[in-house]
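User: I've just opened this one and would like a guided look at a single part of it. Keep it relaxed, but give me the cut-offs as you go.

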Amino acid sequence: MSDAQLIQEATGFIEATLGTKLQGSFGDALKDGVVLCEFLNKLKPGSVKAPKKSSMPFICMENISAYTNACKALGLADQWNFVTVDLFEGRNLRQVATNIVSLKRELGFGFEKGAKDQVDLKVAPDETTQLSSKAPKAMAKAVDCRECNRAITSGLITMTMENKVNVYYHPKCFNCKKCGVNLKSGNCHMAKQQPYCTKCILIVDPKHNISAATKDMGFKFD
């Protein structure tokens, strides 16, 4: 997804949430942090303190910081957040847009029929476990993440157990059971129906064949 497309999606979500058009460019409209705080409070009332309306730099940055801290409190991973200067100085508006689009999906506003998935995953399944990063086009009801027990409303990873029962993970929760490293962009190996990274699988199961060819499951978040 190009910068322009990402910013367009983020802008559309903010405008749809607030019911008003952003004034000026994406960066200029959000620079003082006021719109961001109002936007987040519209999504989750009381998530962030009321912003101070001022053009003074330290007030603007305080508003932005309050917004990003509130995003973290809502469970948004650090990789989808941004630092104050990314917005205030316009250094990385793509990351700001990524934050808003990721927040949209984290809070369950982005799981539409046919929506693109968000993970880049390569896996090497064992004999009894099947992994898939293909989310259903539409879900009859929400499913819970096996790791955090929270409802999954956007991209997910499905693991089919030996008894044919499916369990599900948020991409950010799909971590090595031993060391905790996230497996979304690396090789995943299964042992005793639990995911492990390449390093830890040899500790847990020294006989595991880590040379097995990996299968690209095709999940990407551009």
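What percentage of the 222 residues in the protein is buried? And then, zooming in on α4, which of its residues are buried, and what covers them?

Analyst: One thing up front: this is a predicted model, with local features needing pLDDT of at least 70, side-chain atom pairs counting only at pLDDT 80 or more, and totals for chains, interfaces and linings using all residues. Residues are numbered from 1 along each chain as its sequence is written, and side-chain values use heavy atoms, leaving out hydrogens and water.

Buried residues (under 20% relative accessible area with a 1.4 Å probe, protein chains only; over 50% is exposed, in between partly exposed) account for 45% of the 222. The fold has 7 helices and 9 strands, taken as DSSP runs (H or I of at least four residues, E of at least two) numbered from the N terminus. Of the contacts (heavy atoms within 4.5 Å) between residues at least 6 apart in sequence, 52% link residues at least 24 apart.

Now for α4, which covers residues 57-73. Its 17 residues reach 24 Å from first C-alpha to last, close to the expected 24 Å, a span worked out as 1.5 Å times one less than the number of residues. Just after the helix comes G75, with a positive phi near 100°.

The buried residues of α4 are I59, C60, N63, I64, A66, Y67, T68, A70 and C71. Their cover includes α3, α5 (84-88) and α6 (93-106).

Let's follow α3 (residues 34-43): it packs on α4 at about 30°, axes 8 Å apart. Axes here are lines fitted to C-alpha atoms, for helices over the stretch in contact, with angles from 0 to 180 degrees between N-to-C directions. The two helices are therefore roughly parallel (under 35 degrees; over 145 is roughly antiparallel, 65 to 115 roughly perpendicular, the rest oblique). The crossing is left-handed, meaning the near helix is turned anticlockwise from the far one by less than a right angle. On the α3 side V34, L36, C37, F39 and L40 make the contact, meeting N63, Y67, A70 and C71 of α4. That set splits into 8 nonpolar, 1 polar and no charged (Ala, Val, Leu, Ile, Met, Phe, Trp, Tyr, Cys and Pro are nonpolar; Asp, Glu, Lys and Arg charged; the others, Gly among them, polar).

α3 has another partner: α1 (residues 3-18) packs on α3 at about 65°, axes 9 Å apart, also in a left-handed crossing. There F13, I14, T17 and L18 of α1 touch V35, E38, F39, K42 and L43 of α3, a mix of 6 nonpolar, 1 polar and 2 charged.
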